[in-house]
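This report is meant for someone who is looking at the structure for the first time. Please keep the sequence and the 3D view at hand while reading.

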Amino acid sequence: MSISKKGLLAGVATATVALVATFVAPAAYAGTSSAACANVGSGYAVQKGKTVEVFTSVVGDELTRYAAASADFTACTGIKINWNGSDQFEAQLPVRVAGGTAPDLALVPQPGLIAQMVATGKAVPAPNAVKNNINRYWSKSWRGLGSVNGTFYAAPNSANLKSLVWYSPKQFAKYGYTVPTTWTAMMAQSDKMAAAGQTAWCGGIGSGGATGWPATDWLEEVVVREAGATVYNNWINHTVKFSDAPIIHAMNTVWNWMGNSKYVGKVSTIATTSFQDAVTGIPSGKCMQLQQASFIAASLPAGSVVSPTGDAWVYYLPGINPAVTTPVEGGGEFYLAFNSNKATVEVQTYLSTPQWAVSRIKAAGSNGGWLSANSGVPSSTYSNPLDALSAKYLSDPSSTFVFDASDAMPAAIGNGAEWTGFTDWFANGTPVKTVAAKIDAAWPSASN
Amino acid sequence: MSNFWSDNLPKLGQMVAAIAIFLAVLAVIFFIAGKANGKKQRPIAILVFLGPALLLVVIGLLGPAIRTLILSFKGSASHHWVGFSNYHWLFTDPSERIVLRNTVFWILFTPIITTGLGLLLAVLLDRMRRESVAKSLIFMPMAISFVGASIVWEFVYKYANTNQPQVGLMSSIAKHLGFEPPNWLLTQPLNTFLLMVVFVWSQTGFAMVILSAAIKAVPADVMEASALDGAHGWKLFRGVTFPMVRSTFIVVLATMVVSTLKLFDIVRASTGGNFGTSVLANEMYSETFIRYDAGRGAAMAIVLFLLVIPVLVYNITNLRRERAIS
């Protein structure tokens with residue numbers, strides 16, 4: 001759109017706002033008395049006519065929901081939020097920042113990009129109000145993910161959870177099984193299933209050219225559960241190698257679990273079964289449990305009831321090491337600011353509040369799909385029960401949250417050697433040390 | 001809706017303007033070319049007619065080829081020169097050697113089986129009753145893409161865990177015959193040959209149709225004359241029919257060799273290149289676009305290119321020789 005057009009539109013918008021303000025909104029700007037301001041919270045100064053751009057990779061209907069969720073904030077403070085979505089976000093953001101046209105705020109989907117942007121010197125640390133919110137509402141690990149070299153920059157937006165186990169409540173009830181809350185109990189119950197002639201675990205890592213990725217998740221879940229977030233994050237940057245003791249130990253744990261023929265039948269079939277097919281045996285009890293994120297619900301057989309008493313439901317994959325509290329693996333995005341204008345700071349602050357999260361969850365409607373790790377969000381806000389269950393663990397103040405490691409590792413490993421290595425591991429039962437050594441050898445050198 | 005128009009109207013305008021400019025440039029060139037006469041006429045005509053094609057070949061073929069060659073001597077992010085190390089890796093790394101071995105298997109077996117089977121069918125079906133029905137049925141798989149064919153064959157090769165019923169066709173047949181089926185796609189090197197079956201199934205119809213057309217083009221009097229001389233069956237085929245369709249056979253064979261070298265879809269859709277089934281083209285894609293190692297991907301592209309050249313050269317010399325004879 002041309003500049004003059006933008007100016008014209010802004011003019012029209014201002015005029016409209018002014019008109020509306022004249023007739024309807026004196027109360028809206030008067031302060032906390034209006035309905036909009038009640039939803040937004042207190043402490044915001046009214047700044048009419050200001051626009052704050054949030055640059056994001058979110059596009060389409062999802063972006064419309066962001067705009068809808070922030071309508072109350074605009075009505076209350078007069079600050080318009082321009083949700084600018086681009087499917088080229090990750091390529092465009094560095095270009096815009098380098099070219100001096102950085103957005104006010106960017107919704108960054110991974111910690112690596114936050115560090116990269118901070119290194120340019122153009123990003124600004126989070127204001128005090130945001131700092132207070134992160135200390136009050138998020139677990140420590142989230143604060144760490146939004147920080148670079150000890151300085152806190154970016155508060156999280158939404159979050160998603162991978163640490164789930166699918167099972168069938170009907171089948172569990174039929175055989176008298178219960179949802180385990182410790183790793184030991186989970187394994188003991190798996191032994192019981194095996195003794196009863198059942199297949200305790202479903203598994204499938206087939207995914208065409210991406211075959212192997214579900215197995216990388218299994219290892220990541222175990223690494224964070226056994227060794228904690230520090231070792232986990234050092235593993236991502238290869239200061240902890242695959243051949244080092246903690247990772248080898250975790251690989252052995254995975255092998256005693258998903259590579260155990262007692263639980264899964266013929267282990268090699270896991271390599272040739274697609275990850276979508278793996279979940280199809282859950283409702284009928286062909287296999288009893290499957291570790292997989294919530295999206296796999298779409299691959300359940302038609303007519304399956306997903307509910308705590310239905311054909312399929314999830315439980316939280318329990319922890320192993322008591323020193324690692326509520327280990328959670330997943331993903332999320334962060335709001336990074338590129339200036340400290342008053343309007344930007346206000347928007348940034350609002351986006352770190354429970355009020356914003358509640359508004360955004362409501363905008364998602366009954367299908368859900370938007371979760372916050374903000375502990376200030378009451379779980380009754382979620383209309384989708386699966387979301388409510390996931391949010392409970394994400395927003396647990398003691399949770400140890402880590403990002404998907406294979407996504408954060410260099411592509412040669414995370415999309416390459418780890419996939420092929422793990423596929424080989426499950427297909428041929430290759431010794432753990434050989435698999436680890438092969439992946440380490442493929443780690444790309446720093447300069448290339 | 002108003003957003004749609006305000007967003008897209010300028011783009012539409014730009015498109016129309018671009019086309020108008022293109023046509024104007026063409027008009028000017030043709031006008032100048034038309035004005036030229038005498039000595040300049042021929043070189044200008046050559047330039048006008050050959051120039052655009054040459055330009056496109058340089059931009060679309062020669063440029064990328066040279067760039068690929070350069071990239072193959074650089075590292076994964078193309079920042080530093082690495083000499084022949086990408087090639088060294090390709091020919092010494094144990095898993096890459098399996099890839100090269102598979103590629104050789106594919107070239108040795110697939111084209112000859114596909115073309116041979118196509119020829120056999122063409123001869124057997126020739127002048128048979130309801131020839132066209134049989135030929136259409138055999139030709140049909142050709143209409144399915146390789147990815148589609150791979151998914152169809154996945155149901156044939158499917159292997160279920162031991163405690164579950166075998167729903168895959170081959171596994172089920174094996175079970176009924178009384179032996180425990182192997183996990184077909186995991187069994188090396190059988191799995192590579194199982195993937196070749198998909199290619200042969202899909203491409204035999206094509207070879208058959210082309211060769212059948214060539215057989216039909218053999219003049220009837222030649223056939224009758226040889227029959228009068230006592231040539232029948234195998235003798236007729238070896239002495240008369242095959243020599244007459246030999247050049248078509250070679251063209252089909254060469255086409256099959258080239259498409260075998262390019263083969264990527266079947267491997268990617270069936271096994272993703274795992275379990276020792278990968279071929280060069282599949283690895284080239286994975287290295288370049290999944291593991292972001294442009295150097296290794298480029299080196300593979302160059303090797304593929306070198307492998308195609310002899311086929312092309314043979315094809316072209318063969319065509320030239322025939323032109324010289326006729």
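## Strand 10 and its partners

In this predicted model, strand 10 (residues 327-337) of chain A pairs with strand 11 (residues 400-403) of chain A in the parallel sense, over four bridges, and within this pairing A:Gly330 stands opposite A:Phe403. Strand 10 of chain A also pairs with strand 6 (residues 155-161) of chain A, here in the antiparallel sense and over five bridges, with A:Ala159 placed opposite A:Gly332. A further antiparallel pairing, made of four bridges, joins strand 10 of chain A to strand 3 (residues 105-108) of chain A, where A:Leu105 faces A:Ala337 across the pair.

Is strand 10 of chain A largely enclosed or left open by the rest of the structure? Ten of its eleven residues are buried, so strand 10 of chain A is largely enclosed.

## A sheet of three strands

Chain A also holds an open sheet of three strands, in the order 8-7-9 and with antiparallel pairing. Strand 8 (289-291) and strand 9 (313-316) of chain A stand at the edges, and because each has a single partner strand, one side of each lacks a neighbour in the sheet. From one strand to the next, the twist averages 30°.

Strand 7 (residues 164-167) of chain A is joined to strand 8 of chain A by three bridges, and A:Trp166 has A:Leu290 of strand 8 opposite it. In general, strands of a sheet pair through backbone hydrogen bonds, either parallel or antiparallel.

## The nonpolar core

The largest nonpolar core has 171 residues, and those that touch the most other members are A:Ala154, A:Trp166, A:Val223, A:Leu336, A:Phe426, B:Leu211 and B:Leu263. Helix 8 (residues 190-216) of chain B contributes the largest share of this core, with twelve residues. As a general tendency, nonpolar side chains are buried together in soluble globular proteins.

A:Phe426 can be followed further, for when residues up to four places away in sequence are not counted, its contacts are A:Ile205, A:Ala215, A:Gly259, A:Val267, A:Ser268, A:Ile270 and A:Ala271.

## Where the chains meet

How many residues of chain A are in contact with chain B? There are 21, and they are in contact with 24 residues of chain B. On the side of chain A that touches chain B, helix 15 (268-272) and helix 21 (411-428) of chain A each supply at least two residues, and helix 21 gives the most, with seven residues. Sorted by class, this side of chain A has five nonpolar, 14 polar and two charged residues.

## Domains and a cis peptide bond in chain B

The domain assignment of chain B gives domain 1 (2-71) and domain 2 (86-325), and the C-alpha centres of these two domains of chain B lie 39 Å apart.

A cis peptide bond, with omega of about -10°, joins B:Gln188 and B:Pro189. B:Pro189 is found in the loop between helix 7 (169-176) and helix 8 of chain B.

## Positive phi angles in chain A

A:Asn149 has a positive phi of about 50° although it is not a glycine, and it lies in the loop between strand 4 (147-148) and strand 5 (151-152) of chain A. With 8 other C-beta atoms within 10 Å, A:Asn149 is exposed.

A:His238, likewise a residue other than glycine, has a positive phi near 70° and is placed in the loop between helix 12 (213-236) and helix 13 (245-257) of chain A. A:His238 counts as partly exposed, because it has 15 C-beta neighbours inside 10 Å.

Conventions
Residues numbered from 1 in each chain as written. Chains lettered and ligands numbered in written order. Predicted model: local features only at pLDDT ≥ 70, side-chain atom pairs only at ≥ 80, totals over all residues. Pairing = 2+ DSSP bridges. Axes fitted to C-alpha atoms, helices over the stretch in contact; angles between N-to-C directions. Core = buried A, V, L, I, M, F, W, Y, C linked by C-beta atoms within 7 Å. Buried ≥ 20, exposed ≤ 12 C-beta atoms within 10 Å, placed from the backbone. Contact = placed C-beta atoms within 7 Å. Nonpolar A, V, L, I, M, F, W, Y, C, P; charged D, E, K, R; others polar. Domains from an automatic or database assignment.
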